[in-house]
Amino acid sequence: MSKKFLSGNEAFAEGIRLARPQVISAYPITPQTIVVERLSEMVEDGSLNAEYVHVESEHSALSCAIGASAAGARAFTATSSQGLLYMAECLYYAAGGRFPIVMMNADRSTALPWNIYGDQRDSLSQLDSGWIQAYAENAQEALDLALMSYKIAENKAVSTPYMANLDGFILTHTYETVEIPDREQADRFLPPYETDNRIDFDNPKNMAFSAGPDTNYIFKYKEHEGVLAARDVINETEKEFAEIFGREYTGLTENYLTDDADYVIVTLGSIAGLCRETADKLREQGVKAGVVRIRYMRPFPNEELAEALKNVKAYGVLEKDISFGNEGTVFTNVNSALKKAGVNVPGYDFVGGLGGRNISPADIEKIYSDIEKGTDSVNFIGIGGGNNGK
Amino acid sequence: MRPYIREKKDFTFDEVPENTSFEAGYLTTVNSGWRSIRPVINSEKCKGCEQCYLYCPDGVISIEDGKAVIDYDFCKGCGICAKICKIGAIEMEAERK
């Protein structure tokens, strides 16, 4: 184990180096660029033995990774924002073909207006593509997700591609001290990829075929089962990870002071840290505040959320996303989880951080106070609720 | 190996693979219904050079007794074989119903 001072992008690249992908195909885009720059340097200096393929677009980047995976290789790609949207067609191919590719996505705003800064509208718009979706909070978690991602994605019961999301700039470009596992430990944790879902000259197969109305729904059911199977596999993988590397993770969600909380913010990504600090401050003032950080949007933590929120007085979802004409998608998902579990507590949606706008400690204090007092169903931080706060 | 038709059957839930990969060449129907022109080989001229066999995008040409033979169950009538044949042994003829 060594320690280095790394950005989120660099930490993720270190995790990928330890995971030994055999093919990397990526197209640079801000704020993802540094992760692929570091990986190309690792290939160049020989510390990562991979085929680095320069492609002409994100569509090609993921298509190339699918081809590599279909040849039985461990494949990696990375993108962000418009690049992820350009990949959208291929996302479904990768998931439907059950190719356990890993992608890092630097969460970034989508045009128009053009903007390179962070929000989560890019990846959340692709929740239905069939990929596992993880959201990292810090650089250490980013590295650890990179290493765990292949083990989860390649598990036979799962066989599903994996998207690890890092908040653009806030996480991809900020530096912190990161523990880097030893190569020997990493190899013990993650064996080489083996699969029957590959081109094999000795056993010719028809791959990536069509399926008509008679069987199509069975493929889709099995795809759904694969993502659901990741629930248990994520927990098992984190347990094994803790045994080897000593760092513990908490599955699909991470709870903070929720046991006795009256008011809870449910959020995801790097903003969770500030929410916890604010909860601490409010606790000193006698407000029983708590935080649930969603670590995985797919598979979705239905039961975990119902369990964490069943005794609260009210909750709010803080997300960097809006599904225009409705509400933030995270809020929709959380509400559904509670409804299914028969948990009936008031909840409010807080949309913030769009286009990289800062979310301040004062904003989060106001969210807690709005949750306590009650507010509009959907609130834009800095503007207001359904009537635009006027 | 020439393609051959298997009996069409209903796949049970368990028989449907987890992923989109399955035994190659598992064909249950012929597939040439949209062909409007068909290649016809003049076996007097054909030298069995295998150029048409190599270029056929559907893999429906085989060489039997030194001459090209076309499997009309799967030929789509694209005409590439006629274009590639240097000795003019393949001509495209209109399909007639």
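Q: Before we look at any loops, what counts as a helix or a strand here?

A: Helices are DSSP runs of H or I with at least four residues, and strands are runs of E with at least two, numbered from the N terminus. Keep in mind that this is a predicted model. With that in hand, you can place Pro31(A): it sits in the loop of chain A between β2 (23-26) and α2 (33-45).

Q: What is the peptide bond from Thr30(A) to Pro31(A), cis or trans?

A: The general idea is that most peptide bonds are trans. The bond from Thr30(A) to Pro31(A) is cis, and its omega is near 5°.

Q: Which peptide bond leading into Pro113(A) is cis, and where does Pro113(A) lie?

A: That bond runs from Leu112(A) to Pro113(A), with omega near -5°. Pro113(A) belongs to the chain A loop between β5 (102-107) and α6 (121-124).

Q: Let's turn to phi. What is the sign of phi at Ala208(A), positive or negative?

A: As a rule, most residues other than glycine have a negative phi. Ala208(A) is not a glycine, yet its phi is positive, near 55°. Look for Ala208(A) in the loop of chain A that links β9 (205-207) and α9 (216-245).

Q: Why does Ala208(A) count as partly exposed?

A: The cut-offs help here: 20 or more other C-beta atoms within 10 Å make a residue buried, 12 or fewer make it exposed, and partly exposed lies in between. Ala208(A) has 15 other C-beta atoms within 10 Å, so it is partly exposed.

Q: And what about Leu257(A): what is its phi, and where is it found?

A: Leu257(A) has a positive phi of about 55°, although it is not a glycine. Its place is the loop between β10 (253-256) and β11 (263-268) of chain A. Leu257(A) counts as partly exposed because it has 16 C-beta neighbours inside 10 Å.

Q: Moving on to chain B, how many helices and strands does it have?

A: Chain B has two helices and five strands. Read from the N terminus, their order is β-β-α-β-β-α-β.

Q: What does the radius of gyration say about chain B?

A: Compare it with a reference: a compact globule of 97 residues would have a value near 13 Å, whereas chain B has 16 Å. The C-alpha trace of chain B spans about 50 × 30 × 20 Å along its principal axes.

Q: What share of chain B is buried?

A: Of its 97 residues, 14% count as buried. As for contacts in chain B between residues at least 6 apart in sequence, 62% join residues at least 24 apart.

Note on methods
Residues numbered from 1 in each chain as written. Chains lettered and ligands numbered in written order. Predicted model: local features only at pLDDT ≥ 70, side-chain atom pairs only at ≥ 80, totals over all residues. Rg over C-alpha atoms; globule rule 2.2 N^0.38 Å. Contact = placed C-beta atoms within 7 Å.
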